[in-house]
Amino acid sequence: SHHILWAKESLMPTYSMMHVLMASPTEPLEERKRNYQLTKMFTAMQNLEQAAEPTITDWEHVNDAVMLMEALRDMQVVQDPDNLLDDAIEALGKAGARAMEGKGIRLDGLAIRALRAVLEDYTEVLAQIPARTMIAAHRKAEAKVAKIVRKK
């Protein structure tokens with residue numbers, strides 16, 4: 001399998017509109033795919049919290065979950081009454097900027113709490129919402145990344 005939002009490297013979308021149409025409108029993504037995704041994300045989060053030198057790949061895996069939740073919020077599938085998603089986006093932005101300056105990826109306690117909360121919410125959402133909705137969110141998130149990459 002491949003990186004969730006691999007549009008970063010290739011600008012080729014992971015899913016086509018046909019994937020959206022063929023995906024279940026009622027059942028969530030299959031458990032194997034969900035577990036694979038969640039394992040990568042939670043391992044990456046643990047690395048961001050505890051590793052001596054978290055990698056940009058760790059940052060990307062956590063960012064993928066945050067971007068997917070943001071896409072779901074934009075689609076009005078999920079709500080974020082406590083603004084944890086915005087806190088998580090800001091935290092990852094700051095950590096990414098530090099990494100670009102060569103300072104290493106570091107998160108403070110507030111950032112860790114926000115990111116953990118978003119990952120926990122993502123875990124629940126992934127188990128409940130239809131595969132079709134998840135794949136549509138994935139396409140939306142990838143399109144946003146591709147647009148950012150094109151601007152640079």
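**View 1. Glutamate 70 in helix α4**. A residue counts as buried when its relative accessible area is under 20%, as exposed when it is over 50%, and as partly exposed in between, with a 1.4 Å probe and protein chains only. The model shown here and in the other views is predicted, so that local features need a pLDDT of at least 70 and side-chain atom pairs count only at pLDDT 80 or more, whereas totals for chains, interfaces and linings use all residues. Residues are numbered from 1 along each chain as its sequence is written, and side-chain values use heavy atoms, with hydrogens and water left out. Glutamate 70 is placed in helix α4, where helices (H or I, at least four residues) and strands (E, at least two) are DSSP runs numbered from the N terminus. Because its relative accessible area is 14%, glutamate 70 is buried. With neighbours within four places in sequence set aside, glutamate 70 is in contact (heavy atoms within 4.5 Å) with Leu85, Ile89 and Lys144.

**View 2. The loop between α4 and α5, with glutamine 76** **and asparagine 83**. Most residues other than glycine have a negative phi. Glutamine 76, however, has a positive phi, near 60°, and asparagine 83, also a residue other than glycine, has a positive phi near 60° as well. Glutamine 76 is exposed because its relative accessibility is 71%, while asparagine 83, at 40% relative accessibility, is partly exposed.

**View 3. Salt bridges in the model**. Side chains of opposite charge can pair when their charged atoms come close. With a salt bridge taken as a side-chain nitrogen of Lys or Arg within 4 Å of a carboxyl oxygen of Asp or Glu, a search of the whole structure finds seven. One of them joins the side chains of arginine 32 and glutamate 30, at 3.0 Å from N to O; arginine 32 is exposed, at 57% relative accessibility, whereas glutamate 30 is partly exposed, at 41%. A further salt bridge, at 3.1 Å from N to O, brings together the side chains of aspartate 86 and arginine 73. This pair links distant parts of the chain, with aspartate 86 in helix α5 and arginine 73 in helix α4 (residues 56–74), 13 residues apart. Aspartate 86 has a relative accessible area of 34% and is therefore partly exposed.

**View 4. The pair of glutamate 90 and lysine 94 in helix α5**. The side chains of glutamate 90 and lysine 94 form a salt bridge of 3.2 Å, N to O. Because glutamate 90 and lysine 94 stand four residues apart in helix α5, about one helical turn separates them. Glutamate 90 is partly exposed, with a relative accessible area of 44%, and lysine 94 is exposed, at 54% relative accessibility. Elsewhere, Arg73, Asp80 and Asp86 are joined into one network by salt bridges that share partners.

**View 5. The second largest pocket**. On a 1 Å grid over the protein atoms alone, a cavity is a set of points where a 1.4 Å probe fits but cannot get out, and a pocket is an open set with protein on both sides within 12 Å along at least five of seven lines; lining residues have an atom within 4 Å of a point. Grid points are joined across faces, edges and corners, and a volume is the space filled by probe spheres set on the points. The volume of the second largest pocket is about 290 Å³. It is lined by 14 residues, of which Asp87, Ala91, Asp108, Leu110 and Ala111 are the closest to its centre. The elements giving two or more residues to this lining are α5 (84–100) and α6 (109–128), and α5 supplies the largest share, seven residues. By class, the lining comprises seven nonpolar, no polar and seven charged residues, where Ala, Val, Leu, Ile, Met, Phe, Trp, Tyr, Cys and Pro count as nonpolar, Asp, Glu, Lys and Arg as charged, and the others, Gly among them, as polar.

**View 6. Helix α7 and the largest cavity**. Helix α7 (residues 131–151) has 21 residues and reaches 30 Å from its first C-alpha to its last, close to the 30 Å expected at 1.5 Å times one less than the number of residues. Its buried residues include Met134, Ile135 and His138. The structure holds one cavity of 30 Å³ or more, and the largest cavity encloses about 40 Å³ of space. Tyr15, Leu29, Gln37, Leu68, Tyr122, Met134, Ile135 and His138 line the largest cavity, and α7 contributes the largest share of that lining, three residues. Six of the lining residues are nonpolar, two are polar and none is charged.
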